[in-house]
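Dear colleague,

I am passing on the structure we spoke of, followed by an account of what was found in it. Please read the notes with the coordinates open beside them.

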Amino acid sequence: RAITMAARRGKLIVFEGCDRSGKSTQCAMLTDRLRKDGHKVEQLKFPDRTTSIGIMINNYLANKEDQSDEVIHLLFSANRWEQMQKMSKLLLGGTHLVIDRYAYSGIAYSAAKGMDLHWCRQPDVGLIKPDRVIYMTLTGDKASERADFGGERYEKKEFQAKVEKVFEQLHDPTYWQVVNGDGSINEVHEDVFKIVSEVISTDCGPLNKLWT
Ligand code: T5A
Ligand code: NA
């Protein structure tokens, strides 16, 4: 039994959704809870603003630097690819990964500008496929009422509505689950935890590749 447990890989859990929907808050709470329950778990976020590509992305988001739509799209994707080796090692070693945004954000924010959806998908084809995407929604004006909304490049109400439309197109019911982020932080956490507990106790087979 000890051997089968050790051989079982970690699960890749991704949080997606529009700005301010509560993704970072929920990623942190979930990671803490899993760790307290004795699981090996690491938290990652995209964009990872600490790498040299991430610094370029940060300057773009803070409106300090301009990039063409194509270039920033490819930088966001490259910022994910640069973590793939580390991620696959951790997962195969039995560590669960909780990730704040992934390729779906990459596509949604670029396509919301009017870029071709098919083109936008291509650079992320072959990334490690999540075992579950938790898609966080907020109703009405809740997002813009939350702290710090409006500080960065994409934080405009009309634009966020377009982003949401693309997320709806990307929604794949075979591995996505919607969580309503309107409730209190603890209520939302309980919904998230229920979903993740089920994923963690399931054998998801070998790692898969996204959109292949
Ligand atoms: N982007 C990203 C792309 O264009 N392409 C890509 O490939 C990727 C990966 C930065 C931007 O980059 C774009 C998308 C973004 O526009 P980011 O660094 O993830 O992405 O953005 P952040 O600003 O860090 O995070 P978000 O704006 O997305 O916010 P979160 O993480 O959804 O929300 P969170 O948890 O920080 O909460 C926001 C506020 O609400 C409160 C929190 O305390 C906080 O103050 N809050 C709640 N209040 C009431 N009730 C609840 N249930 C609450 N939950 C949280
Ligand atoms: Na965040």
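In which loop does arginine 20 lie? Before the reply, please keep in mind that this is a predicted model. Arginine 20 belongs to the loop between β1 and α2, and its phi is positive, at about 70°, although the residue is not a glycine. With 22 other C-beta atoms within 10 Å, arginine 20 is buried.

A second residue invites a look alongside it. Asparagine 63, in the loop between α3 (52-61) and α4 (69-81), also has a positive phi, near 60°, and is likewise a residue other than glycine. Asparagine 63, however, is exposed, with 10 other C-beta atoms within 10 Å. One further backbone feature is the cis peptide bond that joins phenylalanine 46 and proline 47, for which omega is about 0°; proline 47 is found in the loop between β2 and α3.

Turning to the overall picture, the protein has ten helices and five strands. Its radius of gyration is 17 Å, close to the 17 Å that the globule rule gives for 212 residues, so the protein is as compact as a globular protein of that length. Taken along the principal axes, the C-alpha atoms fill a box of roughly 55 × 35 × 30 Å. Of the 212 residues, 33% count as buried, and among the contacts between residues at least 6 apart in sequence, 82% join residues that are at least 24 apart.

The five strands form an open sheet in the order β2-β3-β1-β4-β5, with parallel pairing. Because β2 (41-45) and β5 (176-180) stand at the edges with a single partner strand each, one side of each is left without a neighbour in the sheet. From one strand to the next, the twist averages 20°.

Following the sheet from the β2 edge, five bridges join β2 to β3 (residues 96-100), and the two strands run parallel. Within this pairing, lysine 45 stands opposite aspartate 100 of β3, while glutamine 43 has valine 98 of β3 as its bridge partner. On the way to the next strand, β1 (residues 12-17) is joined to β3 by four bridges, again in parallel, and here the bridge partner of phenylalanine 15 in β3 is aspartate 100. Aspartate 100 is thus a meeting point in the description, as it faces lysine 45 and is also the partner of phenylalanine 15.

How many of the residues of β3 are buried? The strand is mostly covered, with five of its five residues buried; His96, Val98 and Asp100 point one way from β3, whereas Leu97 and Ile99 point the other way.

Beyond β1, five parallel bridges lead to β4, a strand spanning residues 132-137 that is mostly covered, with five of its six residues buried. In β4, arginine 132 is the bridge partner of isoleucine 13. The last pairing, of β4 with β5, is also in the parallel sense and extends over five bridges, with methionine 136 standing opposite valine 179 in β5.

Isoleucine 13 deserves a separate paragraph. This residue has its place in strand β1 and counts as buried, because it has 25 C-beta neighbours inside 10 Å. When its neighbours within four places in sequence are left aside, the contacts of isoleucine 13 include His96, Leu97, Val98 and Ile99, together with Pro130, Asp131, Arg132 and Ile134, and also Val196 and Val199. Between isoleucine 13 and cysteine 27, which are 14 residues apart in sequence, the C-alpha to C-alpha distance is 9.4 Å.

Finally, there is the ligand. Of the 24 residues around ligand 1, those that come nearest are Gly22, Thr25, Phe76, Gly106 and Tyr109. Three helices, α2 (23-36), α6 (103-111) and α10 (185-200), each supply at least two residues of the shell. By class, the shell comprises nine nonpolar, eight polar and seven charged residues.

With best wishes

Conventions: Residues numbered from 1 in each chain as written. Chains lettered and ligands numbered in written order. Predicted model: local features only at pLDDT ≥ 70, side-chain atom pairs only at ≥ 80, totals over all residues. Pairing = 2+ DSSP bridges. Axes fitted to C-alpha atoms, helices over the stretch in contact; angles between N-to-C directions. Near = placed C-beta within 6 Å. Nonpolar A, V, L, I, M, F, W, Y, C, P; charged D, E, K, R; others polar. Rg over C-alpha atoms; globule rule 2.2 N^0.38 Å. Buried ≥ 20, exposed ≤ 12 C-beta atoms within 10 Å, placed from the backbone. Contact = placed C-beta atoms within 7 Å.
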